[in-house]
Amino acid sequence: MITDSGVQPVRNEQDIVLSRQKVRQLAVAVGLRLVDQTKLVTAASELARNAVIYGGGGDMQWETLAEGLRKGVRLHFIDQGPGIPDLAQALTDGWSSGKGMGLGLSGSRRLVDQFELDSAAGEGTRIVITKWT
């Protein structure tokens, strides 16, 4: 069940900083442990940066969740950029275009509990990540 939601633009460097701050606030609010807060913020920072650099900017939609006794944060990174031409390569461990923080999509995927990627050449990219307490 979604308990709160909103949108944070990610169109420039300042927006990346604001998105990290928002994710940290959300992680604290749902009660994520410090190590899980750090993992979520790190993944979000990488994905926000990717949206700006590769997608020409986009939005981070956020939701706080409650499912039984556990709580979580779900983040949607959406851009209308050129898309990812080779998803398999982009999700390969250690692969990086050389412009990001070096985590790549596979690194971001390892830091969260759920990871969904939808992208096609010319259609933009949508990545959804979730971290649970």
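Let's start with overall size. The chain has 133 residues, and a compact globule of that length would have a radius of gyration near 14 Å. The chain has 14 Å, so the two agree. Keep in mind that this is a predicted model. Along the principal axes, the C-alpha atoms fill a box of roughly 40 × 25 × 25 Å.

Now the surface. The chain exposes about 6700 Å². Carbon and sulfur atoms supply 51% of that area. As for the inside, 45% of the 133 residues are buried.

Next, the layout. How many helices and strands are there in the chain? Four helices and five strands. Read from the N terminus, the order is β-α-α-β-β-α-α-β-β. So much for the order; now the contacts. Take those with a separation of 6 or more: 65% of them join residues 24 or more positions apart.

Let's zoom in on single residues. First up, Gln37. You'll find Gln37 in helix 2, which covers residues 34–53. Is Gln37 buried or exposed? Its relative accessible area is 10%, and the cut-off for buried is under 20%, so Gln37 counts as buried. What does Gln37 touch, if we skip residues up to four places away in sequence? The list is Arg24, Ala27, Val28 and Leu32.

Second, His76. This one belongs to strand 3, residues 70–79. His76 has 9% relative accessibility, again under the 20% cut-off, and therefore is buried too. Look at its side chain on the screen. Which side chain does the His76 side chain meet in a polar contact? That of Glu63, at 3.4 Å. Glu63 also appears in the wider contact list of His76, which leaves aside neighbours within four places in sequence. On one stretch of the chain, that list has Asp59, Met60, Gln61 and Glu63. Further along, it has Arg126, Ile127 and Val128.

Last topic, the rings. How many aromatic pairs does the structure hold? Zero. A ring pair would be described by the distance of the centres and the angle of the planes. Here there is no such pair to describe. There is a charge over a ring, though. Go to Trp132. The charged end of Arg70 sits over the ring of Trp132. The distance to the ring centre is 3.8 Å. Arg70 also falls within the residue range of strand 3, 70–79.

To recap the two close-ups: Gln37 is buried at 10%, and His76 is buried at 9%. That's it from me.

Methods. Residues are numbered from 1 along each chain as its sequence is written. This is a predicted model: local features need pLDDT of at least 70, side-chain atom pairs count only at pLDDT 80 or more; totals for chains, interfaces and linings use all residues. Side-chain values use heavy atoms; hydrogens and water are left out. Helices (H or I, at least four residues) and strands (E, at least two) are DSSP runs, numbered from the N terminus. Buried means under 20% relative accessible area, exposed over 50%, partly exposed in between (1.4 Å probe, protein chains only). Contact means heavy atoms within 4.5 Å. A polar contact is a pair of N or O atoms within 3.5 Å; within protein, one must be able to donate a hydrogen and the other to accept it, and residues adjacent in sequence count only if both atoms are side-chain atoms. Rings of Phe, Tyr and Trp (its six-membered ring) pair if their centres lie within 6.5 Å; planes under 30 degrees apart count as stacked, over 60 as edge-to-face and the rest as tilted. A charge sits over a ring if NZ of Lys or CZ of Arg is within 6 Å of the ring centre and within 35 degrees of the ring normal. The radius of gyration is taken over C-alpha atoms; the globule rule is 2.2 Å times the number of residues to the power 0.38. Accessible areas come from the Shrake-Rupley method with a 1.4 Å probe; for residues, only the protein chains shown count as cover.
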